[in-house]
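User: I am in my first year and would like a close look at a single strand and what surrounds it. Please take it slowly and explain each term as it comes up.

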Amino acid sequence: MMETIILEIRAGAGGHEASLFAAQLFRMYKNYAAGQGWSCSIANELVAEIRGEGVWAKLKQESGVHRVQRVPKTEKTGRIHTSTASVAILPEAKEKDIEVKESDLEITFSRAGGPGGQNVNKVETAVRILHKPTGLVVSSREERSQQKNREKALRILRAKLLDEKRFKETQALAKERREQIGTADRSEKIRTYNFMQDRLTDHRLKKSWHNLEKILDGDLEPIVKTFAKTSQDTR
C-alpha cells in the first residue's frame with residue numbers, strides 16, 4: 001500500500017555539531033528512501049515528504065532523539081562531544097482528517113534562492129504559512145512553482161495539525177509524543193551513534209550494530225528488520 005509520511009529533523013543540544021549531525025541523519029533517510037524505491041520530495045531544509053510502499057511501517061520507529069558521540073574535526077584537544085537531533089515521522093493527513101480554513105492562514109512568498117538556476121532567484125516561489133490559531137509555521141521552497149510549494153506546505157501543515165490534534169486527545173498519546181520527540185536534551189535518547197567505537201545502539205531494542213559509515217549512507221534495513229521482527233514476536 002502506497003503511503004506518505006512527513007520527515008522532519010531538528011538539531012538539538014550541541015550547537016554546530018548538532019546541526020551537522022541533523023544534516024547527516026537527513027541524508028541517511030534520503031538515501032534509505034532511494035534504496036527502497038520510494039520518492040523523496042524535499043520541502044525545506046531537513047523537511048521532506050517520503051512516499052512509497054510500507055513507508056510508515058518501516059520508519060515510524062525512527063521518531064525520537066538521536067544522540068551522537070564523536071570528536072569533531074575542529075576539536076584540537078581530542079575531546080569527545082555529545083550532540084543530539086530529534087527526528088519526527090508524521091503520517092500524511094488528508095483534507096477529511098483536518099480542516100484548514102483560509103482565514104486562519106497567513107501566507108507569504110519570497111525568492112527561494114540557492115541552487116536551481118536564475119529563475120529561482122527572480123520569482124517569489126518560496127512559500128511560508130503561519131497557522132494563526134496554533135502559531136505553527138511551515139515552509140516550502142524547493143519546488144519551482146509557487147503553487148506547488150503552497151500545496152506542499154499545506155500538506156506538511158495538515159500533518160502537523162493532525163499530530164497536534166492527536167496529541168491533545170488523550171493523555172496516553174501525549175505521553176507517546178513526548179517519548180517520540182522529547183526535548184532533544186542529551187538525557188532523552190532512543191539511539192546513540194558512537195563514532196569512537198564505530199557502533200550504533202538502539203536503547204529500546206538494547207541492540208547494537210557496527211559500521212556507522214555504512215549506516216549513515218542509508219543502510220538502515222538491518223535495524224528496520226529487527227524492529228519488524230520484534231513487533232511480530234510481541235504480538
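Analyst: E8 stands opposite A88 in β5, and this facing pair belongs to the pairing of β1 with β5, which is antiparallel and runs over 7 bridges. Two strands are said to pair if DSSP finds at least two bridges between them, while the strands themselves (E, at least two residues) and the helices (H or I, at least four residues) are DSSP runs numbered from the N terminus. Please keep in mind that this is a predicted model, in which local features need pLDDT of at least 70 and side-chain atom pairs count only at pLDDT 80 or more, whereas totals for chains, interfaces and linings use all residues. Residues are numbered from 1 along each chain as its sequence is written, and side-chain values use heavy atoms, with hydrogens and water left out.

Strand β5 also pairs with β4 (residues 64–70), again in the antiparallel sense and over 7 bridges. Within β4, R70 stands opposite H81 of β5, and V68 stands opposite S83 of β5.

These strands belong to an open sheet of 8 strands with mixed pairing, whose order is β2-β3-β1-β5-β4-β9-β10-β11. Its edge strands are β2 (39–44) and β11 (207–210), each of which pairs on one side only. On average, neighbouring strands of the sheet are turned by 20° against each other, direction ignored; the axes behind such angles are lines fitted to C-alpha atoms, for helices over the stretch in contact, and angles in general run from 0 to 180 degrees between N-to-C directions.

Burial is the next point: 8 of the 11 residues of β5 are buried, so this strand is largely enclosed by the rest of the structure. Here buried means under 20% relative accessible area, exposed means over 50%, and partly exposed lies in between (1.4 Å probe, protein chains only).

The largest nonpolar core has 32 residues, of which L7, I9, L25, Y29, L59 and Y193 touch the most other members. Among the elements that give two or more residues to this core are β1 (2–11), β5 (81–91) and α1 (15–35), and α1 gives the most, with 8 residues. A nonpolar core is a set of buried Ala, Val, Leu, Ile, Met, Phe, Trp, Tyr and Cys residues joined through side-chain atoms within 4.5 Å. Leaving out residues up to four places away in sequence, L25 touches I9, H66, A85, V87, Y193 and L216, where contact means heavy atoms within 4.5 Å.
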